[in-house]
Amino acid sequence: MKSEPAINNKPLNIEVNLDDKLFLNRWKPDEDSHLAIIDPSVCAGKCPGKDCTVFCPAKVYEWRNGRMTIGYEGCLECGACRIACPHGNIRWRYPRGGYGVQFRLA
Amino acid sequence: MPDKFDAIVVGAGAAGLAAAYKMAGEGLSVVVIERGDYPGAKNVMGGVLYRSAMEELIPEFWKEAPLQRPVVEQRFWLMDSQSAVTTSYKAQEWAREPYNCFTVFRGQFDQWFARKCAEAGAIIINETLVESCIVENGRVVGVRTNRPEGDLYANVVVLADGVNSMLSKQLGFHKEWEPRQVALAVMEELKLPSEVIEERFNLDPGMGATIEIYGDSTLGMVGTAFIYTNKEHISIGVGALLSQIRQRKVRPYELLEYLKSHPMVRPLIKNGKPVEYYAHLIPEGGYNAVPQLVGNGVVVVGDAAQLVNGIHREGSNLAVTSGRLAAEAIIRAHKMGAFTARELSTYEENLRNSFVMKDLKKYKNASHLLETNPQYLNEYIPFTNMALHEMLTVDGISKWQKQKTIKERVLQQRSLFSLGKDLYKAWKAVK
Ligand SMILES: Cc1cc2nc3c(=O)[nH]c(=O)nc-3n(C[C@H](O)[C@H](O)[C@H](O)COP(=O)(O)OP(=O)(O)OC[C@H]3O[C@@H](n4cnc5c(N)ncnc54)[C@H](O)[C@@H]3O)c2cc1C
Ligand code: SF4
Ligand code: SF4
């Protein structure tokens, strides 16, 4: 029996202009962020992978000059970061009623 | 507006609207609270809506609901990086009433469904977030919204708030989902003329097809990619367990682009103009993740209760059915005039006796099997591609020799014993 399941690690080598994608959607951004980092020192000191900057489908989190920036205006409200931050370090809420992304199709 | 309702429904998705429609139709006073600008504004499906569950609520709904295409063909691809083994089932019965399933846009369908609820007497309140349930003496008695003086009261609150399920978590019905209990999916709509879609997918006018893609489309992670035909759009998306996306360090939009550039996919979507981009979670915890469903004055339905059959990409029908069964239990409780967990437990009983829990139970080990045995997606799909490639490439080598090569190449990676064991495990997981 194999212990740790192996996964295919082939590199994707793909360039995506995510801003072009996000630009297609209809947004009603609120003035205040519905997302926040609970303890910035955890991101800086305990989270070498900075996973949220990778798996977030809207690239809301970016690590810049030793701090996390949160582009909450482009959040697709999926909830992945709340569940998958390995340190439970994200205070996650939905935007206020009527704010945030508003899908037309799907 | 009354200061107390018979029922409050949180979330105008498939599950919540089904519950509201049924209760309002029986004369209960019902209010539905939705955080989006309109019902469907936050909902993502792709997506295939099944006829039978909807029809139990609204007979012949297809005559008036905004649908995209009846699905007449379902294709399945086992994909490797440069090839795919494909199979499909196409049926003319599916092209006629009463149909089997339809592609829909939830952004349109949910608005229609909410209008039906309003016609039946329910009140729909949009642009309003429910922040918590109001609990008094161990009973849910209402909800607190983000509006000024936004408390609402009811005999029963139906939690239909979708996969993130913040409200039943607050009530302690379940813990935060683990990353392996949800899949993260991204999707795009691509615009194309309807004749082009029909030609590329070999469809009669107005008819639709679906493709589910396994293997390289998720880099062997547990999940699927999908392509669905709408009237003038193609939905293309990919999803995999959040735990594996995190472990594999995948950027979801790059995975989507990888899929779009695959040689099997590229010609189908050529010149399709992207018009919208989505991300959403899908419950994947299955039977073992279903939380507490009933409390005093409260029930949980749909994605909020993890009611998705991932193996068959069925979610909307489980949502609609759970909403309807919850409504029936509430109507019964209403007649008795009591709304504790005891009266409402008929919902849970009926759900267990329905296809919803029976199917979840049948497949309760399937997703876990794939997760802990990546060879199914990572090795066997490439093996199948390789075997067909060998047998079908005509190059003067005898078929005997080719069979020998195939066998040797498979056995280089897997012993006969482990192949047999895997076959048995797979059979057990779906039997
Ligand atoms: C990419 C993708 C593809 C899918 N494809 C299919 C498919 O082909 N076939 C299929 O049957 N299923 C499919 N599913 C699953 C299906 O979409 C879901 O199972 C179904 O939508 C669940 O319905 P629901 O009503 O429980 O939740 P949702 O449809 O998510 O509705 C929840 C509603 O609650 C609202 N809400 C949440 N919290 C609050 C709050 N606090 N206050 C007010 N409102 C709130 C939300 O805005 C939303 O409108 C797919 C899912 C995804 C993500
Ligand atoms: S994954 Fe969590 S802990 Fe790590 S950087 Fe992101 S928010 Fe911080
Ligand atoms: S909810 Fe989804 S889109 Fe929004 S920040 Fe978290 S992971 Fe990114």
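1. Let's start with the contact between domain 2 and domain 3 of chain B, bearing in mind that this is a predicted model. The two domains bury about 640 Å² between them, and 58% of that is on carbon and sulfur atoms. On the domain 2 side, B:Arg180, B:Gly220 and B:Val222 lose the most area to domain 3 of chain B; together they make up 54% of what that side buries. Taken over C-alpha atoms, the centres of these two domains of chain B are 26 Å apart. The contact draws 10 residues from domain 2 of chain B and seven residues from domain 3 of chain B.

2. For orientation, here is how chain B is divided. The assignment gives domain 1 as 4–68 + 104–175 + 288–353, domain 2 as 180–283 and domain 3 as 367–430.

3. Where does ligand 1 lie relative to domain 1 and domain 2 of chain B? Both domains give residues to the shell around ligand 1, so the ligand lies between them. Chain B isn't the whole story, though: residues from chains A and B surround ligand 1, so the site is shared between chains.

4. Now the shell itself. There are 38 residues around ligand 1, and those that come nearest are B:Glu34, B:Met45, B:Arg106, B:Asp303 and B:Ser316. Sorted by class, the shell has 20 nonpolar, 10 polar and eight charged residues.

5. A few polar atom pairs are worth a look in the viewer. A nitrogen atom of ligand 1 sits 2.8 Å from a polar backbone atom of B:Val48. On the oxygen side, a polar side-chain atom of B:Asn43 is 3.1 Å from an oxygen atom of the ligand, and a polar backbone atom of B:Val44 is 3.5 Å from an oxygen atom of ligand 1. As for cover, ligand 1 taken alone exposes 1000 Å², and the protein buries 96% of that.

6. Which elements give two or more residues to the shell around ligand 1? In chain B they are helix 1 (14–25), strand 3 (48–50), strand 13 (223–229), strand 15 (273–283) and helix 9 (316–336). Strand 15 of chain B supplies the largest share, three residues.

7. Don't skip ligand 2. The residues around it include four cysteines, A:Cys43, A:Cys47, A:Cys52 and A:Cys85, along with A:His87. Also around ligand 2 are A:Ile37, A:Lys50, A:Asp51, A:Met68, A:Pro86, A:Asn89 and A:Ile90. By class, the shell around ligand 2 divides into eight nonpolar, two polar and two charged residues.

Definitions and conventions:
Residues numbered from 1 in each chain as written. Chains lettered and ligands numbered in written order. Predicted model: local features only at pLDDT ≥ 70, side-chain atom pairs only at ≥ 80, totals over all residues. Heavy atoms only, no water. Near = heavy atom within 4 Å. Polar contact = N/O pair within 3.5 Å; in protein donor to acceptor, adjacent residues only side chain to side chain. Areas by Shrake-Rupley, 256 points an atom, 1.4 Å probe, with all protein chains shown as cover. Helix = DSSP H or I, 4+ residues; strand = E, 2+ residues; numbered from the N terminus. Nonpolar A, V, L, I, M, F, W, Y, C, P; charged D, E, K, R; others polar. Domains from an automatic or database assignment. Contact = heavy atoms within 4.5 Å. Buried area = accessible area lost by both parts, 1.4 Å probe.
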